[in-house]
Amino acid sequence: MPLFAVICRDKPGALQTRLDTREAHLGFIRETGIVRMAGPLMEEGEMRGSLVILEADDLPAAQAWAANDPYKSAGLFASVDVVEWNKVIG
């Protein structure tokens, strides 16, 4: 099954939105079961985005996952890119 990178950048000054929505986001990850690795993007010691690697049937399925992420619903992100990703190392 192909892998997809979901690369999200937070809106400036949105750290509180991230913190307030974090448990819902983590619950969504557990519930959907397609996340292979994930973590926040860090800038100046602060969470300012997300990198999520999904194992999904196809690009539309990965895009649908990203569209339903509670972070997205909360308006956290300035941008979201979903691209197929090929694991080479790790």
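Select R48 to begin: R48 is partly exposed, with a relative accessible area of 26%. On this scale, buried means under 20% relative accessible area, exposed over 50%, and partly exposed in between, using a 1.4 Å probe and protein chains only. The model is predicted: local features need pLDDT of at least 70, side-chain atom pairs count only at pLDDT 80 or more, and totals for chains, interfaces and linings use all residues. Residues are numbered from 1 along each chain as its sequence is written, and side-chain values use heavy atoms, with hydrogens and water left out.

**Stop 1: the charged network**

Keep R48 selected and add E43. Their side chains meet in a salt bridge, 3.4 Å from N to O. The term means a side-chain nitrogen of Lys or Arg within 4 Å of a carboxyl oxygen of Asp or Glu. E43 is partly exposed, at 31% relative accessible area.

Add E44 next. R48 also forms a salt bridge with E44, at 3.5 Å from N to O. E44 counts as exposed, with 76% relative accessibility.

Now add E46. Here the closest N and O atoms of the salt bridge with R48 are 3.3 Å apart. E46 is partly exposed, at 30%. Finish by adding R9: salt bridges that share partners join R9, E43, E44, E46 and R48 into one network. How many salt bridges does the structure hold? The count is six.

**Stop 2: L41**

Move to L41, in strand β2 (residues 35-43). Helices here are DSSP runs of H or I with at least four residues, strands are runs of E with at least two, and both are numbered from the N terminus. L41 is partly exposed, at 23% relative accessible area. Show what L41 touches, leaving out residues up to four places away in sequence: C8, R9, E46, M47, R48, G49, S50 and L51. Contact means heavy atoms within 4.5 Å. Then draw a distance to D69: the C-alpha atoms of L41 and D69 are separated by 16 Å, and the two residues are 28 apart along the chain.

**Stop 3: S50**

Step across to S50, one of the residues that L41 touches. S50 sits in strand β3 (residues 46-55). Is S50 buried or exposed? S50 counts as buried, at 3% relative accessibility.

Select R18 as well. A polar contact of 3.0 Å joins the side chains of S50 and R18. Such a contact is a pair of N or O atoms within 3.5 Å; within protein, one must be able to donate a hydrogen and the other to accept it, and residues adjacent in sequence count only if both atoms are side-chain atoms. With neighbours within four places in sequence left aside, the contacts of S50 also include V6, I7, C8, Y71 and F77.

**Stop 4: L54**

Follow strand β3 to L54. L54 is buried, with a relative accessible area of 0%. Beyond residues up to four places away in sequence, L54 touches P2, L3, F4, V6, I34, V35, A62 and W65. The C-alpha atoms of L54 and G33 are separated by 9.1 Å, with the residues 21 apart along the chain.

**Stop 5: the aromatic pairs**

Keep W65 and add F28. A pair of aromatic rings is described by the distance of the centres and the angle of the planes. Rings of Phe, Tyr and Trp (its six-membered ring) pair if their centres lie within 6.5 Å; planes under 30 degrees apart count as stacked, over 60 as edge-to-face and the rest as tilted. By this rule there are two aromatic pairs.

F28 and W65 form a tilted pair, 4.9 Å centre to centre with 35 degrees between the planes. F28 lies in helix α1 (residues 15-32) and W65 in helix α2 (residues 59-68), so the pair ties together parts that are 37 residues apart in sequence. F28 is buried at 12% relative accessibility, and W65 is buried at 4%.

Switch to Y71 and F77. This pair is edge-to-face, 6.0 Å centre to centre and 90 degrees between the planes. Y71 and F77 are both buried.

**Stop 6: the nonpolar patch**

End on the surface with V83, in strand β4 (residues 77-85). V83 counts as partly exposed, at 39% relative accessibility. Add I7 and L51: with V83 they form a nonpolar patch of about 200 Å² of accessible area together. Patches are made of residues with over 30% relative accessible area and no salt bridge, with like charges joined within 9 Å and nonpolar side chains (Val, Leu, Ile, Met, Phe, Trp, Tyr) within 5 Å. Accessible areas come from the Shrake-Rupley method with a 1.4 Å probe; for residues, only the protein chains shown count as cover.
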